[in-house]
Amino acid sequence: MSMPRRLGTALLVAGALTAALAGCAAGTPGAAGTASSTGAGASGTPKLSGAITVFAAASLKSTFTQLAGDFEAKNPGTKITLNFAGSSDLVTQITQGAPADVFASADTKNMTKLTDAKLIDGAPANFATNVLEIAVPPSNPASIGSFADLAKPGVKLVVCAPQVPCGAATETVEKATGTTLAPVSEESSVTDVLGKVTSGEADAGLVYVTDVKTAGDKVRGIPFAESDQAVNTYPIATVGTSQNKELAAAFIATVTGSEGKKVLSDAGFGTP
Amino acid sequence: MNRRSGTGYTGIPPWIYAIAAAGAVFVLLPLVAMVAKVNWPQFIPLITSESSLTALGLSLRTSTASTAACIVLGVPLALVLARSPFPGQRLLRAFVLLPLVLPPVVGGIALLYTFGRQGLLGKSLELAGIQIAFSTTAVVLAQTFVALPFLVVSLEGALRTAGNKYEAVAATLGARPSTVLRRVTIPLVLPGLAAGAVLSFARSLGEFGATLTFAGSLQGVTRTLPLEIYLQRETDADAAVALSLLLVAVAVAVVGLSYRRPRIGVAPEGAFR
């Protein structure tokens, strides 16, 4: 085989991959289109403008995307860029100087890391809570009905590792109920746990109530009373280095206000 | 054995050295930055903790197993691709090399739908009493999947460079194909095979995405060193950095050891030592 031919194949594969990636990227900025239609709303409030970047926990993806879109629609001329990742990743990024204006964490522990480092403006506001729920494949192959069922022998249970917030919550519930779980895998993120359940690899997983809602009919959620032993609180705050604290405060007010409460509770979050 | 010419002329214009130096710095600087970040007083306790040693042991065992699997599957593949033209060969090569350009997570998803419980082969395997998901076998499968192209590419290159004169001569002297393969072809490309095996081992050692997606993460069973680093990073940055350095050291040791000898495209007399 000649060299140019081989190069051609390689370029073809590379080209296809690039096209696929570009397709993904083009899907996101849908909020911009809706902005103009409802733009006339806010006339009494002081005029907000400029752009901010919001760093939010991965579990807030759907709710914050909606809230940011609504906010931009109500306040023409504003732009909210969202960055979703695990809370501890976001803390690392902000500590290393990433340009964030607002930080919304999935637990108080990670927010405390930033307040301790004097990187937060004022006191964080708690805006949502989340509790664990059992997620099983729709057919519930291991007939799970309660938290105690998870400890049955032969159940392929997947949980979060104790190092991440959902795993810490799992450990707390375990201790409070005196149950010893024997998971087949301890994942690094709640989405990995959910993935193992939706793909049918695991019989059950411990995830957040909101994750079960997001997954739709791909999993069945089984709430359990013991989950109130470990309630995760979500705080939000303005980052100290923000260049547009007015806009940051306005967005936080939306999240903590009635509009935010509605969107969050629709997604399964509790109120603190 | 050193085939470099003795004239001292390299044919490299001086400015190439400047750019080459920049390239070297680009690769080395992040490593230096990491070494600078290591908490040295705590280094030994961090890398000798039970979870670290378990992860390292698992990584070395699974990488060895997947390198063996790569040799078993990759040598015949490389021979077929290099020596016998057949229809669709170009396409086969493109597909065999696909894991090189595929994000490992995609590989993990593909493996899941093949060997997973609900997968293409998974159901039959489960009936046969074999459960791959969440087992060490799953880790080896993930590593083999991503590392196989490295062996195939190295060996195919070596086979093409070596040519088939000696094989043809052996055949005219009455050697059967299997004998030619064992006595002529394999010894001839042994350095290329070794280089490919080392690259496969190094790639297996660093495998992360496919393992995370396909095998899960449990101490001593599926949590290899890269997964342990990823997890430690959540809570203990010092431990993550120390383990990263350990992984780099192991990789450098493996690759360094193998590149001390002349490799692909070596003169035939070297192969017949």
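**Notebook: strands of chain A and the contact with chain B**

I looked up A:Ile52 and found that its bridge partner in strand 2 of chain A is A:Ile80; strands here are DSSP runs of E with at least two residues, helices are runs of H or I with at least four, and both are numbered from the N terminus. I note that this is a predicted model, in which local features need pLDDT of at least 70 and side-chain atom pairs count only at pLDDT 80 or more, while totals for chains, interfaces and linings use all residues. Residues are numbered from 1 along each chain as its sequence is written, and chains are lettered from A in the order in which they are written.

Next I followed strand 1 (residues 50-57) of chain A, which runs parallel to strand 2 (residues 78-85) and is joined to that strand by 8 bridges; two strands pair if DSSP finds at least two bridges between them. Strand 1 is also joined by 3 bridges to strand 3 (residues 102-104) of chain A, again parallel, and there A:Val54 has A:Val102 as its bridge partner.

I then turned to A:Asp121, which lies in strand 4 (residues 120-130) of chain A. The C-alpha atoms of A:Asp121 and A:Val102 are 9.7 Å apart. A:Asp121 counts as partly exposed because it has 18 C-beta neighbours inside 10 Å (20 or more would be buried, 12 or fewer exposed, with C-beta atoms placed from the backbone).

Last, I checked the contact between the chains, which takes 21 residues from chain A and 18 from chain B, where contact means C-beta atoms, placed from the backbone, within 7 Å. On the chain B side, helix 13 gives the most, with 4 residues.

Technical notes: Contact = placed C-beta atoms within 7 Å.
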